[in-house]
Amino acid sequence: MYGKKIGYNVILEGILSSNRYSAMIRDLVDEFGENTYAYYYDVSFEETLRRHSQKPVASEYGEKQMREWWQEKDYLNIQQEKTISENMNIDDIIAMILSDADIRWLCNRWMAWSIFMAYSGCLKVTPDFSI
């Protein structure tokens, strides 16, 4: 909890199987309390493959390996968990997260980009940091 202790925001991102990481994530939720925001990408396997094909690491692993770790609807089932559907665009996703966390005032295009590195394309952030 070093990041929290020194006043940093902590972003935990990745393919975090509930079977393996649920206890750790629940501990983090308990530690951070109401300042916890959890999002689950509810994206079909086909869409996941399509997005993967656009990444620089696409040639490092493919459909066969991805099917081995794929877990449909692997929710944490915690109160804070919200779903991001595959039909939401990047601007809607960013707006939702910034609104939920009430941090629109401190977000800039580089922070938004780092949060959503998995997506390609440009973010539409105005000079006054509105989306």
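**Close-ups of a predicted model**

**View 1. The buried side of helix α2.** In this predicted model, α2 has five residues tucked out of reach: Ser18, Ser22, Ile25, Val29 and Phe32 are buried. Part of what covers the buried residues of α2 is α1. Follow α2 along and you'll meet a kink of about 25 degrees, centred on methionine 24. Just past the end of α2 sits glycine 33, with a positive phi of about 55 degrees.

**View 2. The largest nonpolar core.** Which residues make up the largest nonpolar core? It's a group of five: Ile25, Val29, Ala38, Leu76 and Ile78. Two of these names may ring a bell, since Ile25 and Val29 are also among the buried residues of α2. Now zoom in on isoleucine 78: leaving out residues up to four places away in sequence, isoleucine 78 touches Arg26, Val29 and Ala38.

**View 3. Serine 17, tucked into a loop.** Serine 17 has its place in the loop between α1 and α2. Is serine 17 buried or exposed? The relative accessible area of serine 17 is just 17%, and buried means under 20%, so serine 17 counts as buried. As for its company, serine 17 is in contact with Ser22, Gln71 and Asp74, once neighbours within four places in sequence are set aside. Ser22 is itself one of the buried residues of α2.

**View 4. Tyrosine 8 and a nonpolar patch on the surface.** Stay in the loop between α1 (2–5) and α2 (18–32), and you'll find tyrosine 8 there too. Tyrosine 8 has 56% relative accessibility, and the cut-off for exposed is over 50%, so tyrosine 8 counts as exposed. Together with Tyr2 and Ile6, Tyr8 makes a nonpolar surface patch of about 380 Å².

**View 5. Two positive phi angles between α4 and β2.** Look at the loop between α4 (63–69) and β2 (81–85), where lysine 73 is found. Lysine 73 isn't a glycine, yet its phi is positive, near 55 degrees. With 41% relative accessibility, lysine 73 counts as partly exposed. Asparagine 77 lies in the loop between α4 and β2 as well, and here's another non-glycine residue with a positive phi, near 60 degrees. Why does asparagine 77 count as exposed? Because its relative accessible area is 63%, and anything over 50% is called exposed.

Definitions and conventions. Residues are numbered from 1 along each chain as its sequence is written. This is a predicted model: local features need pLDDT of at least 70, side-chain atom pairs count only at pLDDT 80 or more; totals for chains, interfaces and linings use all residues. Side-chain values use heavy atoms; hydrogens and water are left out. Patches are made of residues with over 30% relative accessible area and no salt bridge: like charges are joined within 9 Å, nonpolar side chains (Val, Leu, Ile, Met, Phe, Trp, Tyr) within 5 Å. Accessible areas come from the Shrake-Rupley method with a 1.4 Å probe; for residues, only the protein chains shown count as cover. A salt bridge is a side-chain nitrogen of Lys or Arg within 4 Å of a carboxyl oxygen of Asp or Glu. Helices (H or I, at least four residues) and strands (E, at least two) are DSSP runs, numbered from the N terminus. Buried means under 20% relative accessible area, exposed over 50%, partly exposed in between (1.4 Å probe, protein chains only). A nonpolar core is a set of buried Ala, Val, Leu, Ile, Met, Phe, Trp, Tyr and Cys residues joined through side-chain atoms within 4.5 Å. Contact means heavy atoms within 4.5 Å. The bend at a residue is the angle between axes fitted to the seven residues ending there and the seven starting there.
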